Amino acid sequence: WEFNGSFYQPSAFLLMGIPGLEALHHWISIPFCALYLIALSGNCMILFIIKKTQSLHEPMYYFLSMLAVTDLGLVLCTLPTTLGIFWFNMRRIGFDACLTQMYFIHILSFIESSVLLAMAFDRFIAISHPLRHPSILTKTTVIKIGLAILLRGMVSLLPIPFLLKRLTYCGKTELSHSFCFHPDIMNLACTDIKVNVFYGMIILLSTVGTDFIFIVLSYILIIKTVISLATKEECLKALNTCVSHICAVLVFFIPMIGLSMTHRFGKNVPPLVNTLVAYTYLIIPPALNPIIYSIKSSHIREALLRALQKKSD
């Protein structure tokens, strides 16, 4: 503990594995390792295929590349501490290291939300204005959107670590997860956390909340456009291009909303439920997204088969 007058700050926090199942951590690590391996290999494969296939150098797949990079970042942020607990019972994490991990987890989550919004915008332009799509979403425009997404996440979350460092902590230092999460850390403080709660809520609503609203609006406009198409076949073909994105949106937003609700309002929720929702939020989307796009996107699937054929030759 660091002491400075009435100001107390722990030198480290204690991370939590799966409550009540500590004796089974070695066995539980097997499915986690499988999910991490799928996420790492799947997203690397998506990036490799898009880079090597000239026909995939278009906005839809540029945004998919951004999603894959973000998912890789999320995996690499949580993998060391999660497997460290399951394999070696390494629960201790330094105070500054915890804030750093928390900052990058939240940044990458916000970036993923914004990338999903950009992908929804791309689908709306492609379906509603197919002839103008190449001129609206040029390569330069896509790069600018990517930089704006990155800057938005970094700037909006920059005050969070400093707001946590100003708090006084006392007594309990055990977190609820195998990673550091803003609501989890601030709830360990024994001083007024109204500023942290207010700022966290404002940032969440103005970024992820706004992204989700605009994604829903995009699909309302897409559905209106699709309904106006002449034939049923054209309607199904247009909607089929959105299935992968809709799945990615649901896989990301449902666990994220659930985790936010349990931290803010679920004081009576069992710790095991809270832990499982957190793992679902941070591990399942990076593992499922490459599978979803590999199954539903014929272009990705064909490029993957060509790559495998070249290796076998």
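Visitor: Is Phe-104 buried, partly exposed or exposed?

Guide: Keep in mind that this is a predicted model. Phe-104 sits in helix 3. Its relative accessible area is 42%, and the middle class runs between the cut-offs of 20% and 50%. So Phe-104 counts as partly exposed.

Visitor: How far apart in space are Phe-104 and Cys-180?

Guide: Along the sequence, 76 residues separate Phe-104 from Cys-180. In space, going from C-alpha to C-alpha, the distance is 9.9 Å.

Visitor: Which helix gives the most to the largest nonpolar core?

Guide: That core has 86 residues. Among those with the most contacts inside it are Phe-13, Leu-64 and Tyr-169. With 19 residues, the top contributor is the helix spanning residues 95-128, helix 3.

Visitor: How much of the span 100-121 is helix?

Guide: Residues 100-121 are one of the stretches that an unreviewed UniProt entry lists as "transmembrane region". The end C-alpha atoms of this span are 32 Å apart. Strand makes up 0% of the span, and helix makes up 100%.

Visitor: And how much of 235-256 is helix?

Guide: The same UniProt list includes residues 235-256. Here the end C-alpha atoms lie 31 Å apart, and strand is again at 0%. The helix share is 91%.

Visitor: What is the volume of the largest cavity?

Guide: Rolling a probe the size of a water molecule over the atoms shows where empty space is left. In this structure there are four cavities of 30 Å³ or more. The largest cavity has a volume of about 180 Å³.

Visitor: Which residues of its lining are closest to the centre of the largest cavity?

Guide: Helix 3, helix 7, helix 8 and helix 10 each bring at least two residues to this lining. By type, the lining holds eleven nonpolar residues, four polar and one charged. Of the 16 lining residues, the closest to the centre are His-106, Phe-110, Gly-200, Leu-204 and Arg-264.

Visitor: Where does the largest share of the lining of the second largest cavity come from?

Guide: The second largest cavity holds about 60 Å³ of space. Its lining includes Met-60, Asp-122, Arg-123 and Tyr-293, and divides into four nonpolar, two polar and two charged residues. Two elements give two or more residues, helix 2 and helix 3. The largest share, three residues, is from helix 3.

Visitor: Is the aromatic pair of Phe-32 and Tyr-279 stacked or edge-to-face?

Guide: A pair of aromatic rings is described by the distance of the centres and the angle of the planes. For Phe-32 and Tyr-279, the centres are 4.8 Å apart and the planes stand at 75 degrees. Over 60 degrees is the cut-off for one class, so the pair is edge-to-face.

Visitor: Which helices does this pair of Phe-32 and Tyr-279 link?

Guide: Phe-32 counts as buried because its relative accessibility is 10%, and Tyr-279 counts as buried at 6%. The two are 247 residues apart, so to speak at distant parts of the chain. The helices are helix 1 and helix 11.

Visitor: Is Phe-88 buried or exposed?

Guide: Phe-88 forms an edge-to-face pair with Trp-87, with ring centres 6.2 Å apart and planes at 85 degrees. Its partner Trp-87 is partly exposed, at 39% relative accessibility. Phe-88 has a relative accessible area of 57%, and the cut-off is over 50%, so Phe-88 is exposed.

Visitor: Which residues form one aromatic cluster?

Guide: Across the whole structure, a search finds twelve aromatic pairs. One cluster is made up of Phe-212, Phe-252, Phe-253 and Tyr-281.

Visitor: What is the phi of Asn-89?

Guide: Most residues other than glycine have a negative phi. Asn-89 lies in the loop between helix 2 and strand 4, and counts as exposed at 55% relative accessibility. Although Asn-89 is not a glycine, its phi is positive, at about 55 degrees.

Visitor: How far apart in space are Lys-237 and Thr-280?

Guide: Lys-237 is found in helix 9 and is exposed, with a relative accessible area of 65%. Lys-237 and Thr-280 are 43 residues apart in sequence. From C-alpha to C-alpha, the distance in space is 31 Å.

Note on methods. Residues are numbered from 1 along each chain as its sequence is written. This is a predicted model: local features need pLDDT of at least 70, side-chain atom pairs count only at pLDDT 80 or more; totals for chains, interfaces and linings use all residues. Side-chain values use heavy atoms; hydrogens and water are left out. A nonpolar core is a set of buried Ala, Val, Leu, Ile, Met, Phe, Trp, Tyr and Cys residues joined through side-chain atoms within 4.5 Å. Buried means under 20% relative accessible area, exposed over 50%, partly exposed in between (1.4 Å probe, protein chains only). Helices (H or I, at least four residues) and strands (E, at least two) are DSSP runs, numbered from the N terminus. UniProt positions are given in the numbering used here, feature names are shortened, and annotations may be inferred rather than shown by experiment. On a 1 Å grid over the protein atoms alone, a cavity is a set of points where a 1.4 Å probe fits but cannot get out, and a pocket is an open set with protein on both sides within 12 Å along at least five of seven lines; lining residues have an atom within 4 Å of a point. Grid points are joined across faces, edges and corners, and a volume is the space filled by probe spheres set on the points. Ala, Val, Leu, Ile, Met, Phe, Trp, Tyr, Cys and Pro count as nonpolar, Asp, Glu, Lys and Arg as charged, and the others, Gly among them, as polar. Rings of Phe, Tyr and Trp (its six-membered ring) pair if their centres lie within 6.5 Å; planes under 30 degrees apart count as stacked, over 60 as edge-to-face and the rest as tilted.
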